Amino acid sequence: MHELRSQLLHGQWFRQLPDPVQDSLLALARVRELAAGQCLFQRGDVPCGLYAVLAGAMRVGAVSSEGKEALLTLVEAPHWFGEISLFDGQPRTHDAFAEGPTRLLWIPQAALLNWLERQPQHWRELALLMSHKLRWVFVALEQQSLLGAAPRVAHRLLQIAEGYGERDVAQWRLQLSQEQLALMLSLSRQTINQILRSFEQSGVLRLGYGEVEIVDAQRLRALAQHPG
């Protein structure tokens with residue numbers, strides 16, 4: 001249990017919870033191991049609880065009836081996800097698959113709701129988790145409308161590296177392919193490749209097979225703030 005707490009304390013949301021709330025959530029939690037490509041849940045599935053990534057990564061998105069994939073995000077440690085269905089009890093809105101071998105902390109839906117029924121004052125902590133995600137969605141929509149392709153790429157790389165606000169980062173190696181980044185941003189793979197190569201030539205990134213290493217986060221932030 002101490003090891004799990006140490007891992008989760010790297011994330012801003014869990015770190016800011018009162019100690020008794022941390023203890024309660026850990027007492028309800030179980031560890032789940034997923035193989036590469038294994039499905040955790042799919043769009044339309046009944047709610048199954050709240051999750052945190054401990055190791056590996058989860059690919060969250062959807063596939064249309066025509067077979068076209070929309071990739072929303074790549075979730076790495078110590079990011080939490082799955083809280084929307086906790087509030088409304090509605091089916092899952094997206095698919096979640098393990099990008100590689102992945103270790104999750106799982107708090108089952110029924111156990112979490114029972115605890116919240118006994119301790120309703122802690123709904124606020126869960127609401128803060130969801131409101132953080134909502135802020136991120138609004139920012140992403142604004143970027144889609146106002147920013148050029150290069151700053152959008154820079155900003156999304158930073159968001160993934162920072163766990164969408166969950167952790168600080170100076171350097172980070174992302175297990176992220178150019179095809180995945182293209183799907184996230186609705187850009188062509190050719191455009192993504194050109195932008196990443198220019199970032200690499202500038203000494204901001206280092207590209208590898210299926211991965212992007214952030215070498216200079218400060219300069220990447222400057223590129224993300226340029227209107228393009």
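This section describes the annotated domain, a four-stranded sheet, the cysteines and the salt bridges of a predicted model.

In the unreviewed UniProt entry, the annotation "domain: Cyclic nucleotide-binding" covers residues 13–116. Over this span the chain is 25% helix and 41% strand. The C-alpha atoms at the two ends of the span are 17 Å apart.

An open sheet of 4 strands is found in the model, with the order β2-β7-β4-β5 and antiparallel pairing. Its edge strands are β2 (39–41) and β5, each of which pairs on one side only. From one strand to the next, the twist averages 30°. Helix α8 (residues 178–185) packs on this sheet and touches β4 and β5. The direction of helix α8 makes about 110° with that of β5.

Within the sheet, strand β4 (residues 57–63) is mostly covered, as 5 of its 7 residues are buried. Strand β4 is joined by 7 bridges to strand β5 (residues 69–76), the two running antiparallel. In this pairing, Arg59 stands opposite Leu74 of β5. The hairpin of β4 and β5 has 5 residues between the strands, and in it Gly67 takes a positive phi near 90°. Strand β4 is also joined to strand β7 (residues 95–98), by 4 bridges and again in an antiparallel arrangement. Here Met58 has Ala98 of β7 as its bridge partner. The pairing of β2 with β7 is likewise antiparallel and extends over 2 bridges. Across these strands, Phe41 stands opposite Ala96 in β7.

The cysteines were examined for covalent links. A disulfide is a covalent bond between the sulfur atoms of two cysteines. The structure holds 0 disulfides. For Cys39, the closest cysteine sulfur is that of Cys48, at 9.5 Å, which is too far for a bond. The converse holds for Cys48, whose closest cysteine sulfur lies in Cys39, at 9.5 Å. Because a disulfide requires the two sulfur atoms to be within 2.5 Å, the separation of 9.5 Å between Cys39 and Cys48 excludes a bond. Cys39 is partly exposed, with a relative accessible area of 27%.

Charged side chains provide further links between parts of the chain. Side chains of opposite charge can pair when their charged atoms come close. In the model, the count of salt bridges comes to 8. One of these is formed by Asp23 and Arg5, whose closest N and O atoms are 2.4 Å apart. Because Asp23 lies in helix α3 (residues 19–28) and Arg5 in helix α1 (residues 2–8), the pair ties together parts that are 18 residues apart in sequence. Asp23 is partly exposed, at a relative accessible area of 38%.

A salt bridge also involves strand β4, where the side chain of Arg59 meets that of Glu99 at 2.9 Å, N to O. Glu99 lies in the loop between β7 and β8 (102–108) and Arg59 in strand β4, so this pair ties together parts that are 40 residues apart in sequence. Both partners are partly exposed: the relative accessible area is 27% for Glu99 and 22% for Arg59. Arg59 therefore falls outside the buried class, for which the relative accessible area must be under 20%.

Lys133 and Glu83 form another salt bridge, with an N to O distance of 3.0 Å. This pair links distant parts of the chain, 50 residues apart, with Lys133 in helix α6 (residues 123–146) and Glu83 in the loop between β6 (80–81) and α4 (84–88). Both side chains belong to buried residues, Lys133 having a relative accessibility of 17% and Glu83 one of 2%. In addition, Arg173, Arg206, Glu211 and Glu213 are joined into one network by salt bridges that share partners.

Finally, Arg197 was placed relative to the strands. Arg197 is located in helix α9 (residues 189–201) and is partly exposed, with a relative accessible area of 38%. The C-alpha atom of Arg197 is separated by 23 Å from that of Leu72, the two residues being 125 residues apart along the chain.

Methods. Residues numbered from 1 in each chain as written. Predicted model: local features only at pLDDT ≥ 70, side-chain atom pairs only at ≥ 80, totals over all residues. Heavy atoms only, no water. UniProt positions renumbered as here; feature names shortened; annotations may be inferred. Buried < 20%, exposed > 50% of the residue type's maximum accessible area, 1.4 Å probe, protein only. Pairing = 2+ DSSP bridges. Axes fitted to C-alpha atoms, helices over the stretch in contact; angles between N-to-C directions. Contact = heavy atoms within 4.5 Å. Salt bridge = Lys/Arg side-chain N within 4 Å of Asp/Glu carboxyl O.
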